[in-house]
Amino acid sequence: MSAVEEVVTEAPAVEAVPKRAMTLGLGTSLVVLAALVLAPLFVKNFIIFQMTMLLIYGLAVLALNILTGGSGQFSLGQSAFYAVGAYTSAILMEHVGMNYALTLPIAGLICFGFGFLFGQPALRLSGVYLALATFALATAMPQLLKLGFFEHWTGGVQGLVVTKPDAPFGLPMSQDMWLYYFTLVITIGIYIASVNLLRSRSGRAFMAIRDNEIAASAMGVDVALYKTLAFGVSAGITGVAGGLGAIAVQFVAPDGYTITLAISLFLGMVVGGVGWLPGSIVGSAFIIFVPNIAEGISKGLSGAVFGVLLFLVIFLVPHGARQVAIVAQQLIGKLKK
Amino acid sequence: MELFTNQVLAGIATGAIYACMALAVVMIYQAIDHLNFAQGEMAMFSTFISWQLMQWGIPYWWAFLATLIISFAGGILIERLLFKPLAKAPVLTNVAGFIALYGIINSFAGLIWDFTIKQYPTPFGSSPFLGSQLISTHQAGMIGVTVLLLILLFLFFQYTRIGLAMRAAAALPESARLVGINTSWMIALGWGMASAIGAIAGILIAPVVFLEPNMMLGVLLYGFAAAVLGGLTSPLGAVVGGFLVGIFENLAGTYIPGVGNELKLPIALALIITVLVFKPAGLLGRPIVKRV
């Protein structure tokens, strides 16, 4: 009995998404941007805080989207990178006294390195094995953070309290609103950079690897380098999101970064549409608001509601929000005629 | 030296838990080529069913038998309803499906039986086994059941027509179809068996870790580690891997300074990654050769 796998005919782990289908058109982008800029002016502070979290999780989902939708690798371990980013920012702010804005690039860099290193063993793994290794990483992370060895820096089980920054230059806005616009600027910057990354030579290399690894390496793509690079970039962006999250929530603790977070981010990606970057924000909205609604129906039911909705998405709209957007676009097109 | 022997014994005792879980993981991997992330939750749910049956006054062994049948049917039902339509879908969709199943089962178990910790009876008693303080009769019974299960599985796969058909369907689905094997039902059967084995694992584990909806998360991770260590293609490997992981965990806890209870999960992580990097096929698994 031989165990031979047909590789060439094997279906890729992730369905191919054409490059142009990854982004929104200019007009739609401007409308979304205007909505994001103007919305906080009309709502209460708590809703502004939720919108900030929406952007932050959106960034984390975007990062996962680059990894999975771009280079075809899985990760159920994004919460680990998010935690490292959050702790980097928190420790730099509270122990070193660094300005909050400066901690973010450092968090990003450290996470990039961490992700790049984790990408090395991940190179040997594909599909389910990779999902498994990253799953283990996410499960182990809270325990690593609780270690007595790091306790002086991390605050152990209690975690760290982070001070919320005031608006600079005496701008007349609340802390929440300032943080929202601060996050918005960073999110837009990273979004544009991501779109450009996927359109560049490196992005094409990612997608070639996603669609057919052997063909990609035959065409001269350095598979090992680009796979680890995708991991690094994804981890880096997640780290920035984690840092922002720590500042927005004003608190980091090991139990905030469990496997549940990793699974939520994964869900966000599936709901938003794998490989469709604007879908990240839709997915992020899903993972922030759906649990609230589910808890409202019955306490402890959020897992079931999540699960059922996920199955509905898988069966009815396997391409997530992207599919909905395309259908909507076609409908609008028909109405115009 | 005595400390060492004792720790190895204790390791074998905990290893039996992981061996059981790993066996279920390998079963499903053989049948469908995916790791089922909801395996632990399915086992937990089965254990709750048996607990409920016992609460209604059904004797232990009848409840045990009924639970096995319900789990078997449940496994097949889940496959037919939810995962058969996904057979041709990308891996990503399947992983998402497993996670969804995980959430649903966990949540419903909490809803029906709530999150308080429950005692679970053991048929073997919990007095010291052969005068040793480290292994109780329950743990000895667990090792016995695991080994028995392994032998039964071996006989099933080697000497029955349906076992052969299942192996054929897993190894070369196309050729198996050509000789008239209904591969789709073989997969369903694999789900049913994995679910039943998971139920046995859950019932054996519950007296040790106590019954609650989240009891399986750590065990599942160790089960994965054991399955990966032994080789995902080999049931024997899974059991050997389970015992090795148990022994390793205990020895690391005793001899490596700074490794206490809190580092248990990171050890599983380190083990999984080390094995996957240095010997991806595991100790007893067949390496998969790729034709390009």
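**Helix 1 of chain B: crossing, core and Tyr29**

Modeller: In this predicted model, helix 1 of chain B passes helix 10 of chain B in a right-handed crossing.

Colleague: What residue classes make up the contact of helix 1 of chain B with helix 10 of chain B?

Modeller: That contact has 17 nonpolar, nine polar and one charged residues.

Colleague: Why is helix 1 of chain B called oblique to helix 10 of chain B?

Modeller: The axes of helix 1 and helix 10 (residues 235-255) of chain B cross at roughly 140° and come within 6 Å. Angles over 145 degrees count as roughly antiparallel and 65 to 115 as roughly perpendicular. The crossing angle falls in neither range, so the helix 1 and helix 10 pair of chain B is oblique.

Colleague: How do you know whether Y29(B) is buried or exposed?

Modeller: Y29(B), which lies in helix 1 of chain B, has 21 other C-beta atoms within 10 Å. The cut-off for buried is 20 or more, so Y29(B) is buried.

Colleague: Which residues does Y29(B) touch, not counting residues up to four places away in sequence?

Modeller: With that exclusion, Y29(B) touches H34(B), L35(B) and L232(B).

Colleague: What share of the largest nonpolar core comes from helix 1 of chain B?

Modeller: The largest nonpolar core has 200 residues, and A22(B), L23(B), V25(B), A225(B) and I272(B) have the most contacts inside it. Helix 1 (residues 2-32) of chain B gives the largest share of this core, 19 residues.

Colleague: Which residues does A22(B) touch, again leaving out residues up to four places away in sequence?

Modeller: Among them are G223(B), A226(B), A238(B) and G242(B).

Note on methods: Residues numbered from 1 in each chain as written. Chains lettered and ligands numbered in written order. Predicted model: local features only at pLDDT ≥ 70, side-chain atom pairs only at ≥ 80, totals over all residues. Core = buried A, V, L, I, M, F, W, Y, C linked by C-beta atoms within 7 Å. Buried ≥ 20, exposed ≤ 12 C-beta atoms within 10 Å, placed from the backbone. Helix = DSSP H or I, 4+ residues; strand = E, 2+ residues; numbered from the N terminus. Contact = placed C-beta atoms within 7 Å. Axes fitted to C-alpha atoms, helices over the stretch in contact; angles between N-to-C directions. Parallel < 35°, antiparallel > 145°, perpendicular 65-115°, else oblique. Left-handed = near helix turned anticlockwise from the far one by under 90°. Nonpolar A, V, L, I, M, F, W, Y, C, P; charged D, E, K, R; others polar.
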